[in-house]
Amino acid sequence: MTGSARDRAMALVTNHGTLLLFVLIILVFGTQAPAFVGPENLGNIIKQASFIGIAAVGMVFVLLTAGIDLSVGSVMYLGPLIAGFAMRDFGVGVAGGLLVAVAAGAIMGGINAFLIVVLKVVPFIVTLSTLFFFRGFGAFLTSSRQFDFPEEIRAFGLSSVFGVPTPILFFAAVGVAAHIVLSRTAFGRQVYAVGNDEAAAAKAGIRVGRVKASVYVICSSLAALAGFILIAQIGRLDTGFGEGREFDVIAAAVLGGASLFGGIGTAFSAVIGATMIQAVKTGLVFTGTNLYLQPMLQGLIIFAAVFLDSVRAARLETLRRRFIRPR
Amino acid sequence: MRTVSTLFAGAAFAAASLGVAAPASAATICFAFQDLETEFWVAGHTAITRTLEEAGHTVIERNANEDANRQLEQVRDCIAQGVDGIIIIPQDGESAVTIVNEAQDNDVPIAVFNRPPSDLSKGIIVVADNASIASQAVDFLAQEAIANREGDGKLTPMIIVGDLGDPNAVGRKDGFYAALENYPDDFNTPIEVASEWDAATALANLEAAVTANPEIDLLFTSSDFLFPTIRSVFEPRGMWVPRGEAGHVVMGGLDGDATACQLLKEGFIDSTGVQDLYFEAEAALNAILAAIEAGEAQPNEVIEDPGFALTSANLGEREMDMWGCVLLSEGFLDQ
Amino acid sequence: MAVLLSFEALRKEYFGVPALRDLTLDIRRGEVVGVIGENGAGKSTLMNMIGGVVAPTSGEMRWLGEPYHPRMPSDATARGVAFIHQELNLFTNLTIAENIFVDDFPARFGMIDRAAMRQRTAELLSQLALEVAPDTSVDSLAPGERQLVEIAKALHRDAELIIFDEPTTSLTPRETAKLFETIERLRADGKTILFISHILGDVKRLSDTVVVLRDGQLVAQEPAAGFDVPDMITAMIGRALGGLYPDRTAAPRDEIAFSAKALSQPGILEDVSFDIRAGEILGLFGLMGSGRSEMARIIFGLDPLEEGALTLKNQPLTGGVRDRIARGVAFVTEDRRAEGLLMDAPIAENLSLVSIEEFGRAPLALLDHARLDHRTEQLKTDMIIKAGDIKTQPARALSGGNQQKVVIGKWLMRHSDLFILDEPTRGVDVGAKFEIYALADRLAAAGSSVLFISSELEELMGMCDRIMVMNRGEVMGMFDRADFSERAILAMAFGKQAAGKEVAA
Amino acid sequence: MTDSGPLPATAEREEPALAPTVGQRAKRIFLSDYFVLYLSLAYFLVLMPFLPTLSNPANLANILSNMWPLLVVAIGQTFVLTIAGIDLSQGSVVGFTSVVGAMLLAATASPDVLSNAPIWGLIIDETGGPLAGVPGGIALAIAAMIAAGGLIGAANGLAIAHFRMPPFMVTLVTMIVISAFAIFLTQSENIRNLPEAYIQLGKGDIVSVYFGEQDESRIPRREIYSFITYPMIIAVTVAIIAHIALSRTVFGRQVFAIGTNRRAAEISGVPVKRVIVLVFTISAVCATIGALLYSTRLEAGRPTLGDGNFLLDVIGATVIGGTSLFGGKGKIIWTVFGVFFFVLLSNTLNLMNLSSFHIDMVKGAVIVAAALLDVLRTRLIRGGI
């Protein structure tokens, strides 16, 4: 049993590769720009990560069932937009607007779910078409013009409770709630079961259709919530808002460890994934990196994280191999 | 119902001010634009389509969604449909040349609106030079910043850069640098902030940049549509204050939209570069309709829009030359 | 005893072809009923109807005298039917406890009551003598352990009728004994058991009544006590089978074709050495966890080997899987579904997969379709694969036995000097088993060496020239055919394990 | 399941050789490989009365010419999807390789642009790229593009095959890095002044058709319709080669085997890693050929070519054609039809003169409708009706 300390160190590195990389990123940028590790900036990172992060938590539900939702970017736009109309024309107020946004997201998720579960069209195609449809519907509603929210929404977006900015509170609440649902409720465990083997889940008496429908509703609701919380900080919604974000959202979820083939992933992982990507982006701004190089460096750091994760997976597989005699 | 009616009322604003000669016969015009995602393009789009329709022409619209290839395909579809003339807002100068050639080869007159092709010799071309307009706006900002300087250290400028894949964004960035080169002893190296033309990205990056560099003396945004974003970062930090009050950051943008007009009037910003949207639209329309009238299949003409900077200094005299202020006066922001 | 489930003139047709012909049968409450029959005899169709997977074409099912028409599996579950399938329906990403409670979690305030779940699971597991924690993830369990979790699931549901479909194929003798004890206890509790198995000795030993199906018809229903295995076989196949095992056609040659010298891999193997002669069938027996499959994978180059040397035909055997195949090693995996077959690909594509490169014509490796079709058709005939058009029919549509023939068949398109057969008869019916034995004999007769790995000692004793026994990654001993003794071999296989020193992974 | 189910052999008995009824014929169309083609043609016929321009020769020529570049790229994606992968980096490869080709071939470059460009400036100067005016320069430039694209694809493949990294993430990173690199290379500029012979590859006609009077002295250009063009030749050649590779070679069989069950393929001696690397290389090379066609018809090397929704069009067309995202199921002919459907869809949306505010909605609805029909069809096949 030589080198067990080294073995243990190796195990630590590989098992927590993503987290260690995260710490490394913070340290590297911190030495370059000390303000990076200041409490204000760390708070900012989490605040800015909340946008993609909240949606990524929703995406984890969908990915767990081996589905995919490409429409999140459009839902991020249309959900808050409908909430905006409700606030402006019916005076529902900020809290009402938030509920309307989430409800609108749930309806959009319901449309996806109907097409996927009842009509049995593959999720990729369904959400690809609703990606166009939802954004098109928003453009139709606004004639492609910007939408200005009532002033009160900014007070909400920029508010904080006991010094903690509201977006962070929502991010934390969503993360914790999703974690509890996924790990502690029957529904959550059934989501994992469906993603592992849909046919077996049906045989075991799980209402597969209902589980699958729910994840799309959850995903879209959270995407709309994410959009609303971001827009609440700005007060104005442009037609291009959220475009192309589906890839950021999926990347955050996958970076945290969710598998596109279903059954693997946690809400916590999406939170980590989104925060890490945001930390890199913020770090590149802090170090004044050339704008042309920023996306390249971002890409390479994400690559490093995915690489570490694959090393970890390979190692896990080796560890899983059953030893039948003492080593 | 109120929702819907206000919406369409909004769409009708910009049309009235264009004076376009009524043609002898109604023509079918293909209007291919690259995108409708900011106020500027929406206003331009509305101006052109309304004017043509009111003059009795048929307008066929094509939105390329920022895809040059798709735009080429759309223009070809228009040609196949047998339109009389084409107006394009190209994705960029290079694809514009190809599209102009395509139209002229097929004997369809074409006008290029707002973004100049890299080859100016063919087609009716309305040129607005992003770099020079940006440079005019930034020059004013630089002078303001120098005038307001306390102490004699160098000033720190910041620019919010647009999508690096968009030549307009790059032109504006070049104009910004060109203007600051005139004051080499007064400014530090500018801080660049990427926005990718996306409000959420701009929000995150600007917040990071301001946290990293709290002392900013001058801010230029490559597009006016980001002012609400800037406000949400600056306001909590006490940096969003009008001219003349302590803590005011000298600020400007480019586009000349209604929000910029309002902020200029309220004193929060100091200048914005303006493309003379109505002039450009009117010139393009008149030229293309004249060519159709004359049966000219390959009209070539360069119409220059020098643009200008609307600043806190010339606000009174030139206000109504800016399309955003026209919209504002028509109640655009009072939804 | 009351009748729990009865069938009256039950009939099922697929596309007009009857799979079950007017079956009339009563299942009495509290009985263990053995159901036997060859593949295609109608067992699965019958079970699918009980389980609500398919509806009968005509006829009636009654549950305690009431009409019984399950329209979906959950209807059957609600009535108290539990299935323990040969192919497991477990969620590998969940824990044992979660698998057991997956459709009915105990909840407190909307949250899963983990403590209650754990406790109940621990009880169930201890009934089955499975000594793992309820929170163990299923993907870290061995196939046999997973089977026990399935059984725990049915026990948990407190099912009235439990249908075991080939439950013992992946169990060790000890686990099998435990399972049989459990079944006895269930019977004592008044449960009704349908026990489907190809291992007729087990059926006889366990059942009260044995039901024999052939060609969709009931051909025999007799008390197990007076129903001997040869009679069962006769009833199943409609004629007397010459024997369970074919006679070996040729004696092993003298030359040593394959040898393993001092193989060691930390945690897996320790100093394993053995030879196989050309034309010899070497049996490898060991309990689950003895290292038999692990060694097979090492020989085939799938898993690493730290120390030791392999030689085939006097040349060292090294490199990865492709090198080994090129050198003439063939490997029939124990996991047909995950590793053996392209389930959704046509049978012909499965058969040709290993040798496909030989059918490419230079320079572009364009397939020689004529030759390929000819060879696959030939193989289908040779191996008596019961299939329609092998170019369109997917492997999934085949019965277990025929699927296994495809897994073996793909290695027969080319010549191999060493065949590693890992559990080649698992889940295969009597007739197909015989064919697979005959095939092993043919390979040996043609001069290849065969390493025959099985947990059914009986078949090793029937087929092999020698049997090697492994335990905990070590070779415990070697028996020549003349010295085969079930008791001695089993004793050796239990080896140190009997001393009860568990080693954690 | 120890018993065999009913063997489809008995289910699929030969139909009697009588003349099929209308219903049978309709069923056969519905169930055939050519379904998406029939669907497209039906869509075409239904819209014809409403859109008179739809069937005019100029429009047909447009539809065809729009098909070729997308088809080439989608063919590459078909290979990747068949091994249960996905290639998100194709769009960025299109942009990057178009820049590589243009950089080597451009006849001149403007000095102020050059002064900005870091690497580009080393390769190209005011007298043009290193291969400008060189005999055989175009062939060399194309070879360089294919090498560059192929390298990117091979890098994707290596990461996926050897480190078992998920294809989605690997190619997503490649997409981010390569498109940023392309923009960095030219500092956002597009490269023009490409040689005429190069441009011909994207635009040149070989056979054109004119339907007017023969004795007219000057035939208006807009009445000459391209019929056979270089892009058509290139795309059809690629399609035929790809079809043969996928359906008639050892390699093709191995691709399907990996897509169906990677583990089983490995154990059966399929060189899994090599095939995966090759498949991703093919995908990137197809994207490169697509880049050639796109950039020559736009007469410029553009770093942003292939941005935005391009990728969704590529994958959408491939999947609508019938190739499965989960591997083991794919045909080049399906992709041809899927691309045809997508191109026809966007052509008709253009011709409908919808307000730009409606187009996205209609597009979304039509994609879903097409997919629904496909689901119905699959159910019919499964149900054996």
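This report looks at the contact between two chains of a predicted model and then at some backbone features of a third chain.

**The contact between chains A and B**

Chain A contributes 37 residues to the contact, while chain B contributes 35 residues. On the side of chain B that touches chain A, the elements that give two or more residues are the helices α1 (2–11), α2 (39–54), α7 (199–212) and α8 (227–234), together with the strand β7 (191–194). Of these, α7(B) gives the most, with 10 residues. Sorted by class, this side of chain B is made up of 21 nonpolar, eight polar and six charged residues.

**Backbone features of chain C**

Most residues other than glycine have a negative phi, and most peptide bonds are trans. Two residues of chain C that are not glycine have a positive phi instead, and the table sets them side by side.

| Residue | Phi | Loop in chain C |
|---|---|---|
| C:Phe109 | about 55° | between β7 (107–108) and β8 (111–112) |
| C:Lys313 | near 50° | between β16 (307–312) and β17 (315–316) |

How exposed are these residues? C:Phe109 counts as exposed because it has 5 C-beta neighbours inside 10 Å, and 12 or fewer is the cut-off for that class. C:Lys313, with 15 other C-beta atoms within 10 Å, is partly exposed.

The peptide bond that leads from C:Ala362 to C:Pro363 is cis, with omega near 0°, and C:Pro363 is placed in the loop between β19 (360–361) and β20 (366–367) of chain C.

Methods:
Residues numbered from 1 in each chain as written. Chains lettered and ligands numbered in written order. Predicted model: local features only at pLDDT ≥ 70, side-chain atom pairs only at ≥ 80, totals over all residues. Contact = placed C-beta atoms within 7 Å. Helix = DSSP H or I, 4+ residues; strand = E, 2+ residues; numbered from the N terminus. Nonpolar A, V, L, I, M, F, W, Y, C, P; charged D, E, K, R; others polar. Buried ≥ 20, exposed ≤ 12 C-beta atoms within 10 Å, placed from the backbone.
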